[in-house]
Amino acid sequence: MFDQAIHFIGELRVLSALGLLGLSFILPLTIFIGRSNIKNVRQKIIADLESVFRIEGCEHDQLIPSFEFAAYKYRALPQGPENTQPSEWRAYFFPVLVFIMVSFSGFLTSSGMLLGKDRLDHFQPLFSGMTLYGVDGVTPVDLVHYQLQTVAVLSFTFFGAYVWSINYLIRRISNYDLSPISFLRVTGHIILACVTSVTLHHGYMDLAQMVPEGAVGDRVPELIVAFLVGFFPKLGLQTLLSRVPQLQVRRIDPRAQAFIREYPIDMILGIDSSIKFRLAEFEIEDVQNLATANPILLFVETPYGIYETVDWVAQAQLILALDLDQIEALRVVNVRTIFDIERFMARPESRPRLVQALNCPKTDGKGTVLLADRGITLENLESVVQAIGEDLHVQRLRQIWRNIELKLCLDLPQVNRDRALLSAGRLPRSPIPGRDMAVNDTDADREPPDTVPELVRTAVPAE
């Protein structure tokens, strides 16, 4: 009867180990299935958008660069012989295998299946640290208790690192930039977090000079710290460096702190906490990230409309180009986006109000005036606005905006001018007066075409 019980327990341990192995496979399998589904859905959206963002009127119709970047991300991989794609599994096999092995080891250790009395009775450097049997009155029971506590710290650190890995890999498939390096990075994250946490645990016990029984009251906060170190391994490294300042090879210049500032993304009108959370999945955390983002990719990868994403990016670009005092003054006169400031500049009657807003005093946000006069006048206003509009990401957004205007066939003066220039084989330019809105009489008098020529959509090659 006793032998049967031992055999049954052994079978349960084997089944448990197989279950943990299957659990280690679930995350990579789910990531690859999700990645494939996301690619298929977004490829269809890009195929539908292709005719909208094609430049007309040239000798050879071509797609605007912003759309080409989005299309390349989801469909333009190097073609192999006979139009077949090279298999990705070779590149992913070893990194995924290493991740599965590390995950399985972590689950196996956390389950306690390897913690037999015969394993904990003798000295193990990883679990024992500097706690030696027979030294300073340490008994065999003390040694076993200390090693069990180390295993608990290691387990909670592994859980924190594994949760971080799930979040990181989900972001990679959301951004569609998953690569073999992604799995190597999460594997290195788990190993670094576990080693750091165990080192902190041994150092804490040695510095406090406590036997395990005397430190029982500190176990709960230590396990919380262990989980946080798993989720934020830099937290553990910073703790070590703060304890030993001599390890800090590079020191931050205190003057650099004055340049550290961040504009939260919910400064943008129309972005609330839920949208902010969703955009964070695509690593758009602040205004600078949004200002340089591709609105076409945002439309493809998020549930928000193309007009909404273009408006958000245009608002972010204006905030990035000016300071908050100027932004506050401009919003008083309903100037929200980078294009609004160009339209104000184009109307002579609006320029004095624009100068007044841009030349407002610069403050520190607490009422103290740092600069009373910025030197912006009617004479140099055009140069100021022109400098803002010459940034590359502003020109890219303007091209997207104009393509949408042309496809909508709006009967607006600017749209008619752009359509006339395209019909003449010339590309539209910036709407800033005096620089590039001078269209010759022949182009200006040319009637816009009655209908938009029908475009033939080229097939989207499947990846």
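This briefing walks through a predicted model, from the whole chain down to a few local features. The chain has 463 residues, and 40% of them are buried (under 20% relative accessible area with a 1.4 Å probe, protein chains only; over 50% is exposed, and in between is partly exposed). Its secondary structure comes to 20 helices and four strands, taken as DSSP runs numbered from the N terminus (helices are H or I with at least four residues, strands are E with at least two).

**How to read the model**

- Residues are numbered from 1 along each chain as its sequence is written, and side-chain values use heavy atoms, with hydrogens and water left out.
- Local features need pLDDT of at least 70 and side-chain atom pairs count only at pLDDT 80 or more, while totals for chains, interfaces and linings use all residues.

**Confidence and contacts**

- The mean pLDDT (the predictor's confidence in each residue, from 0 to 100) is 75 for the chain, and 67% of its residues reach 70 or more.
- Over residues 76-84, pLDDT stays under 50, and the model has nine contacts (heavy atoms within 4.5 Å) beyond four places in sequence for this stretch.
- Residues 214-220 also have pLDDT under 50 throughout, with eight contacts beyond four places in sequence.
- Where pLDDT is low, the predicted coordinates should not be read in detail.
- Of the chain's contacts between residues at least 6 apart in sequence, 65% join residues at least 24 apart.

**Helices H13 and H14**

- The axes of H13 (residues 306-321) and H14 (residues 324-332) come within 8 Å and cross at roughly 130°; axes are lines fitted to C-alpha atoms, for helices over the stretch in contact, with angles from 0 to 180 degrees between N-to-C directions.
- H13 and H14 are therefore oblique to each other, given that angles under 35 degrees count as roughly parallel, over 145 as roughly antiparallel, 65 to 115 as roughly perpendicular and the rest as oblique.
- H13 brings Gln-315, Leu-318 and Ile-319 to the contact, and H14 brings Ile-327, Leu-330 and Arg-331.
- These contact residues divide into four nonpolar (Ala, Val, Leu, Ile, Met, Phe, Trp, Tyr, Cys and Pro), one charged (Asp, Glu, Lys and Arg) and one polar (the others, Gly among them).

**Two residues with positive phi**

- Tyr-176 is not a glycine, yet it has a positive phi of about 55°.
- Tyr-176 sits in the loop between H6 (140-175) and H7 (180-208), and counts as buried at 9% relative accessibility.
- Glu-283, also not a glycine, has a positive phi of about 60°.
- The loop between H10 (273-280) and H11 (287-291) holds Glu-283, which counts as partly exposed at 39% relative accessibility.
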